[in-house]
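I am opening a notebook page on a structure I have not looked at before. The entries record what I looked up, in the order I looked.

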Amino acid sequence: MLQIRKLPVAVFALFIVIFPWAAYLIPAIKNYTGIMVFVGVYCLITIGLSLLMGYAGQISLGQASFYGIGAYTTALLTTRFGVDPWICMLIGMAAAAGVAFLLGAPSLKLRGHYLAMATLAFGVIVFIVFNEETGVTGGPDGLAGIPGLRLFGFKLNSAEKYYYLVWTIVIGVFLFTINLIQSGAGRALRAIHASEAASNAMGVDVSRYKIIVFIYSAILASLAGSLYAHYMNFINPSTFDLSFSIKLLIMIALGGMHEIWGAVIGAFLITFLSFEWLHYFKDFEIVIYGLILLLVTIFLPDGLVGVPNILRGWGRR
Amino acid sequence: MEKISLASQLLQYLITGLTVGSIYAMVALGFNIIYNVTEIINLAQGEFVMLGGLIMSSLHASLGAPILPAFILTVVLVTLVGALLDRLAIQPIRRPSVLTLIIATIAASIIIKGFAMLGWGKNPYDLPAFSGREPIHILGAIIQPQYLWVIGFLVVVVIVMTLFFEKSITGKAMRACADNPNAASLVGINVKRMVLLSFSLSAAIGAVAGIIVTPISLMTYDRGAMLAVKGFGAVVLGGLGSFPGAILGGIILGSIESFGSGLISSGYKDAFALIVLLAVLFFKPSGLLGNIEVSKIKRF
Amino acid sequence: MSQSEHILEVKDLVMKFGGLMALANLNLKVKKGIIKTVIGPNGAGKTTLFNIIAGAFSPTEGSVFFNGRSIQNLRAHQIACLGVSRTFQTVELFGNMTVLENVMLGCHTRIRSSFLASGLFWPSARRKEEQIRLRALEILDFIGLGNKFNESADSLPLGEQKILEIGRSLATDPQLLCLDEPAGGLNETEKETASTLIQTIKGKGITVLLVEHDMRMVMNISDEIMVLNYGEKIAEGSPEEIRNNQKVIEAYLGSGEDEYAQD
């Protein structure tokens, strides 16, 4: 039971490898490779978020701010100071980690709602700063001219190339996180979710675990933000607002936050919903997101990854 | 244009702050009523305010209903929304936890906001001020009569709430649920009904806040989230669960926002309240009038 | 100093909750290797005492020494790592995890690997994980739940949940084991099992501090008993001495048998 189930991971990796070829051959899904880049970027955030929420049981409603910190750090350092994008990414991740530590250390000691509200408030403040500090961030107009990435001297100049870069990173992060969950650290996280008092009594430093996971999730969001900035070559504040934090929440709730697979599935479905499928509903979009979130919370508390269990339960009856 | 002295300017900020603060105080009261009975932070609290403003605007300004019936009907309709929120989003949850309950209220707030956008569109709506827009001049400060209505309504709401929770049997029963739901149900109090009632009551107060603030700041479908966050700021500042704290917190927060945007930067108007919220969470999470022992004992 | 003789010393302990005095100037010494039991009517402050020893509360005044080291300012997880483990009055298992995983978590105090090593699936992390697994299985066999290792913890009957909590505590490799009403809510057979287990644990050289209402069990297995009433110690001694102590009889009769029959 402490083994990674290798087959699903292999199938998943194979799917990722052949997807762009399929998209190339099937006209109906020709532009899906581009969308899949976004799915990958969002996966990085949702994997961290599901570890934080589903496993450690802590709520963050400000994940968009860490995404923004990553994006703005790379954008500023590359456009203003000509720093190498890869170094910028590391700086962005370090910055997000620092901010997460400062924000999380006090609020994670408190329980329940407090981290939710602290991250929510923090997210809104960061959004306001992006908008108001026009001299640095370009204000509502944002920052343009962010250079693309180069890898081993090759310029990444197509959606396919970014696709492979982003998804290589996602699979790496995915495996790392799964290992983590199946180790003692993951066990401690699930224990914290079940009972903080008992975890403490078993020698688990609850505050330390919570802060580490929060920092991990912030680092992943920041990395995602940097990748986004280099892929788009342009950013503005509206990408990093409260509604994006909520959208991330919908992703992991829909996929199921008690399993890392849920983060991937949720990111995939919600991204395709918002990029492709929801256009038919126009103004109903917001209501549909709300309904998805509510119905999942009520009827599928374990998200879509919990569906097989429910079916098995029915089968037994 | 006549030059306004610094003193009158400060007075102006103070009065604006009290007015805005009264609205935050009402949102905060709504949070606390629900929290005290259920320990849920209802993030849809701001949507009640938004609905109050928009429904009243349609009934009174667009359809021409007289002010008093329109007022009452608006409050009744929003109260129903509050009750529906409890019945459709909160009660059906089978494994309630802080996490799922917060998510459910977020979902509800998105749905309400979405329907508001479908119904009213994205444009702001206005309401005529209750007693005209002829400003009153006091010591060089300009006061809209509506400001006084807002502050007056806060006083009325506080008096009514105090009487309700101190004197009425239902109010006492709700307080009993807050102290100990199991014991309350043992002595025959219908806890589910009390939860429903707390949502309805919070919605009603939210509706009142929305109605009285719309003549000052207009109302749009997407104002709820920010109102909720700031109202929660007031809750935390005053101390989670404390009614006097909610009022104090609301008024302090409104004043900080008013002075901050007047004296420091208007672009950061929305940030001041949130910075205060973070500062309180970090340095005095029990708030001004809250009790940390109590918050530790609470289940969540 | 008699530190070598006493594993735990509680000195002049005071605990107030608001205006309520939960413990008043309590002194307690626990000799190494014995079963010491704290009894008293409900609300006497027994669980509060446990919470202070285990670091869940900090006392208003007074000090707690474990092996001569002052621990009242340490946090709960630090105290656990020093070798004090506890169970809970109302079962606090990790219900979302399997029986085995619950015990494996207990091993956390002794064997753990870093986030990075676990994430990268380093061989050292894998070896440690295997080590933990074997040790946890050993403990499960010891407490008699070996065949249920893969069941989810909250699917066990209450009696086994209580036993599992003890097993989880044993996994932390404690020198002092604090058991809060291990027989509460159990039937006679289950109580018998719990009694035997506690005595076996003592046989392994682990000191046991027990809070229990079931008098037959208390009188059978305790080496020493302390009686608390309204936060104060009213008697201390061997089971025989306690049984004949006038104050104790009054405290129990005065408070009414039915009061502690409730839980």
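The entries below go through the chains, a contact between two of them, and a few single residues.

**Entry: what kind of model**

I noted at the start that this is a predicted model. I looked up the confidence for chain B: the mean pLDDT is 89, and 95% of the residues of chain B reach 70 or more. I marked residues 292–300 of chain B, where the pLDDT is below 50. Beyond near neighbours in sequence, that stretch still has 13 contacts in the model.

**Entry: chain A as a whole**

I looked up the secondary structure of chain A and found 14 helices and 4 strands. The radius of gyration of chain A is 19 Å, and the globule rule gives 20 Å for 317 residues, so I wrote chain A down as being as compact as a globular protein of that length. The C-alpha trace of chain A spans about 55 × 50 × 45 Å along its principal axes. I then checked burial: 56% of the 317 residues in chain A are buried. Last, I looked at sequence separation. Of the contacts in chain A between residues at least 6 apart in sequence, 75% join residues at least 24 apart.

**Entry: where chains A and B touch**

How many residues does each chain bring to the contact? I found 38 from chain B and 35 from chain A. I followed the chain B side further. Helix H4 (98–120), helix H9 (224–238) and helix H11 (269–283) of chain B each supply at least two residues to the side that touches chain A. H4(B) gives the largest share of that side, 16 residues. I sorted the chain B side by class and got 31 nonpolar, 3 polar and 4 charged residues.

**Entry: the largest nonpolar core**

I looked up the largest nonpolar core, which holds 295 residues. Which of them touch the most other members? They are Ala121(A), Leu293(A), Val27(B) and Val208(B). Helix H10 (residues 206–232) of chain A gives the most to this core, with 18 residues.

I picked Ala121(A) for a closer look. Leaving aside neighbours within four places in sequence, Ala121(A) is in contact with Val229(B), Leu274(B), Leu277(B) and Leu278(B).

**Entry: two residues with positive phi**

I looked for residues that have a positive phi without being glycine. One is Asn233(A), with a phi of about 65 degrees. Asn233(A) is in the loop between H10 and strand E4 (234–235) of chain A. I counted Asn233(A) as partly exposed because 14 other C-beta atoms lie within 10 Å.

Another is Leu218(B), with a phi of about 60 degrees. Leu218(B) is in the loop between helix H8 (191–217) and H9 of chain B. Leu218(B) has 15 C-beta neighbours inside 10 Å, so I entered this residue as partly exposed.

**Entry: Val158(B)**

I found Val158(B) in helix H5 (residues 145–167) of chain B. Buried or partly exposed? Val158(B) has 18 C-beta neighbours inside 10 Å, and the cut-off for buried is 20 or more, so Val158(B) counts as partly exposed. I also looked up Val158(B) against Ile247(B): the two are 89 residues apart along the chain, and their C-alpha atoms are separated by 8.6 Å.

**Entry: chain C as a whole**

I turned to chain C and found 11 helices and 10 strands. The radius of gyration of chain C is 19 Å, which agrees with the value near 18 Å for a compact globule of 263 residues. The C-alpha trace of chain C spans about 60 × 40 × 35 Å along its principal axes. Of the 263 residues of chain C, 44% count as buried. Among contacts in chain C with a separation of 6 or more, 68% are between residues 24 or more positions apart.

**Entry: strand E3 of chain C**

I chose strand E3 (residues 35–39) of chain C. Here 5 of the 5 residues are buried, so I noted the strand as largely enclosed by the rest of the structure. In a regular strand the side chains alternate between the two faces of the sheet. Ile35(C), Thr37(C) and Ile39(C) point one way from E3(C), while Lys36(C) and Val38(C) point the other way.

Which strands does E3(C) pair with? One is strand E8 (residues 207–211) of chain C, in the parallel sense over 4 bridges. In E8(C), Val211(C) is the bridge partner of Val38(C). Another is strand E9 (residues 224–229) of chain C, in the parallel sense over 4 bridges. In E9(C), Val227(C) is the bridge partner of Ile39(C).

Notes: Residues numbered from 1 in each chain as written. Chains lettered and ligands numbered in written order. Predicted model: local features only at pLDDT ≥ 70, side-chain atom pairs only at ≥ 80, totals over all residues. Contact = placed C-beta atoms within 7 Å. Nonpolar A, V, L, I, M, F, W, Y, C, P; charged D, E, K, R; others polar. Rg over C-alpha atoms; globule rule 2.2 N^0.38 Å. Buried ≥ 20, exposed ≤ 12 C-beta atoms within 10 Å, placed from the backbone. Core = buried A, V, L, I, M, F, W, Y, C linked by C-beta atoms within 7 Å. pLDDT = per-residue confidence, 0-100. Pairing = 2+ DSSP bridges.
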